[in-house]
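Q: I have a model open and would like to learn how to read its features. Could you take me through a few?

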Amino acid sequence: KENGGISSARNAGLQQASGDYIQFLDSDDTLHREKFAKSLAGAKKYPLILSQFTIYKNKTHFPGYNRIEKDFATFENIVFGWNLKFTIPIHCALISRKLLEGFTFDTSLSINEDWLMWMYITRNNPEVLLIDEPLAHYRKEDDKKSLSSDPYKVLRQRTSLLPILKKLYGDELHDRLAYHMIDVHMTQLSQLKHEFNKATGGKVVSGYLALKRYYYTLFQKKN
């Protein structure tokens, strides 16, 4: 297949898949050799099986940037907690093919396409099994910056999905998420401003104020 990006590759894989479960794996990440055996060891077959993960950096495994909890994988938590409280690397999951029926990755997106997938597969809150062992390994290079290190980038990337979410899930979810994002980020930035003021003797943090104006202007436009 001609290289069309990560979403295109995943869609091609979904079209060819014939087994009961789907395992996604990006080219630079790895899985523990016993991930499948441990995930499917029990007599009961769960539609969604998660494991913990490590960060693989400079030939060393480090703990993941957040521990995965079983209740992360509910629709409500995926919608309102994603990128704010946690994320789940896609290869941590072993997913029943039935959960993914009718789903395709949006090839127009370069980021957060997996967030839409998590919403889709948890929309009916499937039963989840958590394997509390690191069976997935996420490779991170030294020059990769954390998404949360740039508040403007976080805002732009999350708000770019709002029209898509409105189309998929309706006005109510769209509006709840939009104002939740404002509330959470304003609280975070207010706390940051307070810390800066303590450190600088009360000087104005212009970046904080600019971002606050940007938030309210952005979400007022839709009204």
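Q: Let's start with the second largest pocket: which helix gives the largest share of its lining?

A: First, the general idea: rolling a probe the size of a water molecule over the atoms shows where empty space is left. In this predicted model, the largest share of that pocket's lining comes from helix H1 (residues 6-16), with five residues. Among the lining residues are Ile6, Ala9, Arg10, Gly13 and Leu14, along with Phe24, Leu25 and Asp26.

Q: How much space lies in the second largest pocket, and what classes of residue does the lining have?

A: The space comes to about 260 Å³. As for the lining, seven residues are nonpolar, three are polar and two are charged. Arg10 and Asp26 are both in the lining, and they turn up again in a network of salt bridges that also takes in Glu113.

Q: Good, salt bridges were next on my list. How many does a search of the whole structure find?

A: The idea is that side chains of opposite charge can pair when their charged atoms come close. Here the search finds eight.

Q: Which side chains does Lys38 meet in salt bridges?

A: One partner is Glu34, at 3.8 Å from N to O. Another is Glu133, at 2.7 Å. That second pair links distant parts of the chain, since Lys38 sits in helix H2 (residues 35-39) and Glu133 in strand E6 (residues 128-139), 95 residues apart.

Q: Are those side chains buried or exposed?

A: Somewhere in between. Lys38 has a relative accessibility of 29%, so it counts as partly exposed. Glu133 is also partly exposed, at 32%, and Glu34 is partly exposed with a relative accessible area of 37%.

Q: What does Glu76 pair with?

A: Its side chain meets that of Arg176 in a salt bridge, 2.6 Å from N to O. This pair links distant parts of the chain too: Glu76 is in helix H3 (residues 75-81) and Arg176 in helix H7 (residues 171-200), 100 residues apart. Glu76 is partly exposed at 39%, and Arg176 is partly exposed at 38%.

Q: Last one: which elements have the lowest and the highest mean pLDDT?

A: The rule of thumb is that where pLDDT is low, the predicted coordinates should not be read in detail. Helix H8 (residues 206-220) has the lowest mean, 64, and strand E5 (residues 93-96) the highest, 98. For the protein, the mean pLDDT is 84, with 76% of residues reaching 70 or more.

Key
Residues are numbered from 1 along each chain as its sequence is written. This is a predicted model: local features need pLDDT of at least 70, side-chain atom pairs count only at pLDDT 80 or more; totals for chains, interfaces and linings use all residues. Side-chain values use heavy atoms; hydrogens and water are left out. pLDDT is the predictor's confidence in each residue, from 0 to 100. Helices (H or I, at least four residues) and strands (E, at least two) are DSSP runs, numbered from the N terminus. On a 1 Å grid over the protein atoms alone, a cavity is a set of points where a 1.4 Å probe fits but cannot get out, and a pocket is an open set with protein on both sides within 12 Å along at least five of seven lines; lining residues have an atom within 4 Å of a point. Grid points are joined across faces, edges and corners, and a volume is the space filled by probe spheres set on the points. Ala, Val, Leu, Ile, Met, Phe, Trp, Tyr, Cys and Pro count as nonpolar, Asp, Glu, Lys and Arg as charged, and the others, Gly among them, as polar. A salt bridge is a side-chain nitrogen of Lys or Arg within 4 Å of a carboxyl oxygen of Asp or Glu. Buried means under 20% relative accessible area, exposed over 50%, partly exposed in between (1.4 Å probe, protein chains only).
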